[in-house]
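Here is a brief report for a reader new to this structure. It takes up the cavities, the ligands and the overall form in turn.

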Amino acid sequence: MATERVGGGDRPLERASSTSGTEVDGSVDSAESDLAAALEVAVEGDVRFDEYTRVLYATDGSIYGAQPAGVVFPRNTDDVRSAVRVAADYGVPVLPRGAGSSLAGQAVGPGCIVLDLSRHMNDILEIDPDERRATVQPGVVQDDLDDALEPHGLRFAPDPASSNRATIGGGIGNNSTGAHSVRYGITDAYVEECEVVLADGSQIRTRDVVLDGPEWDDIVSKDDREAEIYRTVRALVEDNADEIEARYPTLKRCVSGYNLQKVLRENEAGEDVINLSKLIVGAEGTLGVVVEAELSLVTRPETTALAVCCYDDLLEALAAVPEALSLETSAVELMDDEVFRLAAESPEYAEYAEAIPDGTAAVLMVEFDSEVVDDLSAALTNATGRLVDDGTAFDSIEALEPETQDRLWKLRKASIPLLMSMDGDPKPYPFVEDASVPPEELAEYVASFQEILADHDTTAAYFAHAGVGTLHIRPVLNLKDGDGVEKMRSIAEDVTDLALEHNGAFSGEHGDGLARTEFNPKLYGPDLWQAFKDTKSAFDPDWRMNPGKVVYREDDPTDIREHLRYGPDYASLEPKTTLDFDDDDGGFSHLVELCNGCGTCRQTDGDVMCPTYRATEEEIATTRGRANLLRAAISGEIDPEELYSDRFQEEVLDLCIGCKGCQSDCPTGVDLAKLKAEVKHQSHERNGTTLRERLFSNVDRLAAAGSTAAPVANRATNLPGARTALEKTLGIASERTLPEFQRETLVDWFADRESAVDPETADAGVVLFPDTDTNYSNPDPGKAAVRVLEAAGVRVAVPDLGPTGRAAYSKGLLDDAADHGEALLESLEPALERGWSVCFVEPSDVAMVVDEYRSLLPGRVDDERLERLVSNAYGVCEYLDAHRLDERLPVDPEDARERVTYHGHCHEKARGADHHAVGLLRRAGYAVDPVDSGCCGMAGSFGYEAEHYELSRAIGSLLREQLEASVADAETANGDGTTVVAPGTSCRTQIGDFEAYDRPPHPIELLDAALER
Ligand SMILES: Cc1cc2nc3c(=O)[nH]c(=O)nc-3n(C[C@H](O)[C@H](O)[C@H](O)COP(=O)(O)OP(=O)(O)OC[C@H]3O[C@@H](n4cnc5c(N)ncnc54)[C@H](O)[C@@H]3O)c2cc1C
Ligand code: SF4
Ligand code: SF4
């Protein structure tokens, strides 16, 4: 039975902006609650020890998962020091964390206090272009730093594939690097000085200290932790000089163990110095917390060029690496056919894999940049001459244009997440994925690696940094099975032996974490292993900083098999669902478990996913956070009943605005909007629905009544006090502009006019769907669509149809949505049988039919009828573009028209359909700037809901910034400005509510305006 739960809590927004919010629920024991309370007193930033937060911070991008005690969000260095001191008082371990995108489990800390430095400590403090230095806080996202450096022609050299969310602090922790390490090496070369908070809360500045100079004497003369560290580290390095020389692999990349080999060096003046920054880099947070770092920068190449050489055999591609390296390259990367195969199946990446010729078993991507090479075109010709004509490659792609190169790099960077999208429980897991060997030994190493895999009856994909001998090889295993876990351990033993034979490192990129720390004694031998332990003790005598990573206590050894996220004990419930999850091979739980924690949904720019994170910077507002909480519930990590609790609804589900950004942008395809609709539906079944939910789900009926009563209905909502009353009773934000109802609907207008098309000559027919907004409130786009379609010779009908069910679907009222879908199909059937298509002005309605009906209607309507509707449903611009009907329009393309800033709708982007309007407008003579914009934040009813109004505006303000950049560009370019255009009703409403903006037109209106009459 339905309950009346009008309104709703405002906790999510409080949460997003509060400075304090310890939540101590029943599951937190009293020691932890004392600890939480002590932290609350000690720090300014938030302290959260609640169950949800512990789940959110239990995982990273690795195979591991273990709940921390709680999380602190430090606002400044004092907070870090205070938190670390409280942790010391309570004897609790501490784990500094950035974006949590690590692949070896170093950001997973059972029972730790996690310090999330990404939330507040993310300022760029200074850029000194002359000295080529930047000073930053640790939580700065690397791409954000890069954006700030671009105007100075500079960049931070290490470029991990995860740079759009990975923080500088995390990069320092992991000694990260990327595709360009062939040229630039790894992070430790670029970290000059660090402010570090030690385990006792004291603070040191690591920098070049001249050995035996006055500064050295001053430091070691004291009786404090800093002096102890300097004395110990120097002695360890000097005493172990021979072992260091013999044991550290001489590779461009070795990130196993501590960087003892890099601490003592010569400065530019030729003096012997000690710089502990080099030791802090790669220490994975085990020696202290970096609260500020001074980085050295490199000049940004003005241009680059890329040769992609295609081989029909993987080992031949690897054997060609030394030849590629003999050219003046800035990167030599490899991808194999498994990556192309998965990309071809992914809606997000299929288009990027199209360029790869059939029969390619592997490609070498060989890049050149203008820093070193004067004639890039000649460099490409030379490369293909050497690698294709005189070498073993059978084909090549030469890319000089930045767009083509970007597309190929995008494919390369998606390799890891694409592999993780593999269906079923066996997955290509990271645990030996970044062992490194000298590049000239790569082919031999991989051949032996393949034998190890065959011995263990498994396979792997091969890709990544061939030029530096670091190939990402992920054996496919089922870790939910005990045998799979033992196989993992056995493969790790064999591969580490193999890497050792080739003078390699067990990790050349992703670090030790929980996956590789156990093997460090094998790599470094007993003396250096003891030196690591002594180093750890000097910095952190009680071993409380991120314990068990890089080095372990003999009485508590790290084991690759412990703390697995999906271990043999993992089991998930497969809930009975209303939506059909068959397409998601493995059902609801499989879709949830597709999230591997890669953190792409924390990206700060580009694409759509995930707007709620961008606006709140809260982990719970990421796709990953939502998926983690869903996984916790279906696996019993938290009470499965929690799924239906008010808290879960309000904080986890209701804040997902259903933009479908993740459907296309999440590399593994975690479709949270679909998961949300299902769980909301189940929750309604148990708890009923609110009046407002029912009202919004049936907004079409409300609009029909409003239209009948217009203009009285419009005046009524504008009466003094009416908006406040609406907010109080129904929770509709009083600040929002409500739709104005029109007395004459689109359907009425159409019925009263003569068709401009002769039925005898028309070769196509379209039912134009009169969506709620277009029919009752804003008919202009609908009228324009009719005129344009008819001008293209298409017969049009605009019948009175019910809704698609989008509004009900987004509220989780799936039975209502399915009823609407079934009724619509019934109404459209005669036209579909005649071969007509159905066109939509509103992108969310066409997405409803094309995407959602496939999982909503099976079982209710037969597949053939459903398929006929789905395959004949189009956005109006999509229809015109797909059939090239604009070529029939009376439009003079020579007419130079105004500049247009195009903001696509998220649902259009999720279907990969936003290019249609752009193409049409361009061919009609408009100069279009398609903004890589995010979500508008309105999301149907979301932006009208009082408790979501602020979040909706916050998301909208990010869009506004993007539009303003386009407007500014236009003004610089032509002085005339630009017309913002948007196909979505929600977007047009949100933009129209921005100060100084009018409600933008739909692109079809611009096309209509271009018609010669
Ligand atoms: C799809 C994918 C692709 C990747 N590609 C690459 C790649 O190309 N190259 C590469 O090197 N890595 C790569 N990684 C791994 C990872 O993204 C990088 O190492 C990244 O730099 C980690 O940054 P983060 O902010 O996520 O750090 P986190 O994972 O949060 O932390 C990393 C480590 O640093 C420590 N740490 C964090 N902040 C601090 C601090 N302030 N002080 C001291 N210690 C700190 C943590 O304790 C942890 O041990 C990839 C990961 C994924 C999922
Ligand atoms: S939801 Fe997708 S993008 Fe986000 S962490 Fe999970 S797999 Fe990565
Ligand atoms: S549907 Fe949109 S808001 Fe929801 S998780 Fe996906 S990207 Fe984020």
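## The second largest cavity

In this predicted model, 18 residues line the second largest cavity. Those that lie nearest its centre are Gly875, Val876, Cys877, Glu878 and Glu908. The cavity holds about 120 Å³ of space.

Three helices each supply at least two residues of this lining: H38 (843-856), H40 (876-882) and H42 (915-923). H40 gives the largest share, with 3 residues. By class, the lining of the second largest cavity has 11 nonpolar, 3 polar and 4 charged residues.

## The largest cavity

How many cavities of 30 Å³ or more does a search of the whole structure find? The count is 7. Rolling a probe the size of a water molecule over the atoms shows where empty space is left.

The largest cavity contains about 200 Å³ of space. Its lining is made of 21 residues. Met420, Lys427, Tyr429, Tyr566 and Glu593 lie nearest the centre. Sorted by class, the lining of the largest cavity comprises 10 nonpolar, 5 polar and 6 charged residues.

## Ligand 1 and its contacts

Ligand 1 is surrounded by 37 residues. The closest are Pro96, Ser101, Ser102, Ser162 and Thr177. The shell around ligand 1 divides into 15 nonpolar, 18 polar and 4 charged residues.

Oxygen atoms of ligand 1 pair with protein N or O atoms at several places. In the side chain of Ser162, an N or O atom is 2.6 Å from a ligand 1 oxygen. For the side chain of Asn174, the distance from such an atom to an oxygen of ligand 1 is 2.9 Å. Gln106 takes part through its backbone: an N or O atom there lies 3.4 Å from an oxygen of ligand 1. How much of ligand 1 does the protein bury? Taken alone, ligand 1 exposes 970 Å², and the protein buries 98% of that.

Which elements give two or more residues to the shell around ligand 1? They are strand E3 (94-97), helix H6 (168-174), strand E13 (289-296) and helix H18 (415-420). H6 gives the most, with 5 residues.

## Ligand 2

Around ligand 2 there are 13 residues. Cys595, Cys598, Gly599, Cys601 and Cys666 are the closest. The shell around ligand 2 has 6 nonpolar, 6 polar and 1 charged residue.

## Ligand 3

Which residues lie around ligand 3? Four of the names are cysteines: Cys610, Cys656, Cys659 and Cys662. The others are Pro611, Thr623, Arg626, Ile657, Gly658, Lys660, Gly661 and Leu672. Two helices give two or more residues to this shell: H25 (623-634) and H27 (661-665). By class, the shell around ligand 3 has 7 nonpolar, 3 polar and 2 charged residues.

## The whole protein

Now step back to the overall form. The protein has 45 helices and 28 strands. Along its principal axes, the C-alpha trace spans about 95 × 70 × 60 Å.

What radius of gyration would a compact globule with 1013 residues have? The expected value is near 31 Å. The protein has 30 Å, so the two agree.

Terms used
Residues are numbered from 1 along each chain as its sequence is written. Chains are lettered from A and ligands numbered from 1 in the order in which they are written. This is a predicted model: local features need pLDDT of at least 70, side-chain atom pairs count only at pLDDT 80 or more; totals for chains, interfaces and linings use all residues. Side-chain values use heavy atoms; hydrogens and water are left out. A residue is near a molecule or strand if one of its heavy atoms lies within 4 Å of it. A polar contact is a pair of N or O atoms within 3.5 Å; within protein, one must be able to donate a hydrogen and the other to accept it, and residues adjacent in sequence count only if both atoms are side-chain atoms. Accessible areas come from the Shrake-Rupley method with a 1.4 Å probe; for residues, only the protein chains shown count as cover. Helices (H or I, at least four residues) and strands (E, at least two) are DSSP runs, numbered from the N terminus. Ala, Val, Leu, Ile, Met, Phe, Trp, Tyr, Cys and Pro count as nonpolar, Asp, Glu, Lys and Arg as charged, and the others, Gly among them, as polar. On a 1 Å grid over the protein atoms alone, a cavity is a set of points where a 1.4 Å probe fits but cannot get out, and a pocket is an open set with protein on both sides within 12 Å along at least five of seven lines; lining residues have an atom within 4 Å of a point. Grid points are joined across faces, edges and corners, and a volume is the space filled by probe spheres set on the points. The radius of gyration is taken over C-alpha atoms; the globule rule is 2.2 Å times the number of residues to the power 0.38.
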